[in-house]
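Got your viewer open? Let's take a short walk through this model, one selection at a time.

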Amino acid sequence: MNEVFALGGKKIWVAGHKGMAGSAIVRRLQRENCTILTATRQELDLLGQRQVEDWVSRNKPDAVFLAAATVGGILANATRPAEFLYENLVIETNIIHAAYKAGVRKLLFLGSSCIYPKLAPQPMTESALLTGPLEPTNEWYAIAKIAGIKLCQAYRKQYGCDFISAMPTNLFGPGDRYDLTQGHVVAALIMKIAAAKKENRDTVELWGSGEPKREFLFVDDLADALVFLMKHYSDLEHINVGTGKEMTIRELATRIAKVAGWHGKFTYDVSKPDGTPRKVMDVSRLSAMGWAAQTPFDDAMDRTWRAYLESLDHPK
Ligand code: GDP
């Protein structure tokens, strides 16, 4: 596919560079001949409109990866709806509008597979957007992310901005949020299995029934897809990013246990929510452009597991 935007020699701002996705984008961009711009929370509060506009007009990035967001797992979403809706709306409107005002040439907005209706036909195609009610446990986050897609489309239509959107499936990898109440399932299971191993326990409790199906994408594969889209894609419609493969939560737990070398059993706390029953992306649009995820699941999990153990030895 033709390159529509070259990264060589450009200044690229990764908004959200401390997060799991943002830090993987930085790792990936280090292989491109570009200057990477980042701003810490102390330097730049993304919730402050004036601050964001001033920072962007001063630093003049040529392109922006918008990976900054307030994120969390199923329980965090369900218990902090105001933060998830307000903060995500404000971060994305501030950055997108500032990018437009400063003449940023390209912007990639990062969304999430939870934008699709709870009962969308599986695998979910891009056209399933806004065809039915959302999954209630994460509708606040989803509404904000849908607004982000629409902002990119609106700025493209009205002002001709080359702003695109990518919707990744469930992510995992180094730099994930290791917090049992706020985090996502992979990080939570890594923590639980590591603790069981250390304490010689032979059971680990999972939330829900273990039956829901999810797709898991290694975050370094995501970063590779985003750089690919930045270079090759310029259009209105958002693009799904995933592997197109799914597994049950029970199978996920078993595969993490195998990588970890833990031989215990799983129990199920059915008082906790299952969330949406099945969530797998149709990635045929991205595949047709010539991109596919390269890292086998067990290799990616092994790297993630080792990064977690290292982070325990060297806390930040
Ligand atoms: P979701 O994909 O938006 O539902 O977010 P999560 O990654 O938080 O949860 C995915 C699935 O894993 C849900 O069905 C959870 O109930 C299930 N799950 C099982 N054990 C855990 C756990 O310890 N933490 C989390 N966050 N989810 C778990």
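Start by selecting the ligand and the residues around it: in this predicted model, 17 residues surround the ligand, and the closest are Lys-192, Trp-207, Arg-214, Pro-273 and Asp-274. Colour that shell by residue class and you will find 8 nonpolar, 5 polar and 4 charged residues.

Next, pick out the polar contacts one by one.

- Show the side chain of Lys-192: one of its N or O atoms is 2.7 Å from an oxygen atom of the ligand.
- Move to Arg-214, where a polar side-chain atom lies 2.8 Å from an oxygen atom of the ligand.
- For Trp-207, turn on the backbone, since a polar backbone atom there is 2.9 Å from a nitrogen atom of the ligand.

Now put a surface on the ligand. Taken alone, the ligand exposes 540 Å², and the protein buries 97% of that.

Switch to a cartoon view to see where the shell comes from. Helix 6 (185–198) and strand 7 (203–207) are the elements that give two or more residues to the shell. Helix 6 provides the largest share, 3 residues.

Last stop: the cysteines. How many disulfides does the count come to? The count is 0. Select Cys-34 and you will see that the nearest cysteine sulfur, that of Cys-152, is 20 Å away. Cys-34 counts as buried because its relative accessibility is 16%, under the 20% cut-off. Then select Cys-114, also in no disulfide, with the sulfur of Cys-152 as the nearest cysteine sulfur, 16 Å away. At 5% relative accessibility, Cys-114 counts as buried too.

Note on methods: Residues numbered from 1 in each chain as written. Predicted model: local features only at pLDDT ≥ 70, side-chain atom pairs only at ≥ 80, totals over all residues. Heavy atoms only, no water. Near = heavy atom within 4 Å. Polar contact = N/O pair within 3.5 Å; in protein donor to acceptor, adjacent residues only side chain to side chain. Areas by Shrake-Rupley, 256 points an atom, 1.4 Å probe, with all protein chains shown as cover. Helix = DSSP H or I, 4+ residues; strand = E, 2+ residues; numbered from the N terminus. Nonpolar A, V, L, I, M, F, W, Y, C, P; charged D, E, K, R; others polar. Disulfide = S-S within 2.5 Å. Buried < 20%, exposed > 50% of the residue type's maximum accessible area, 1.4 Å probe, protein only.
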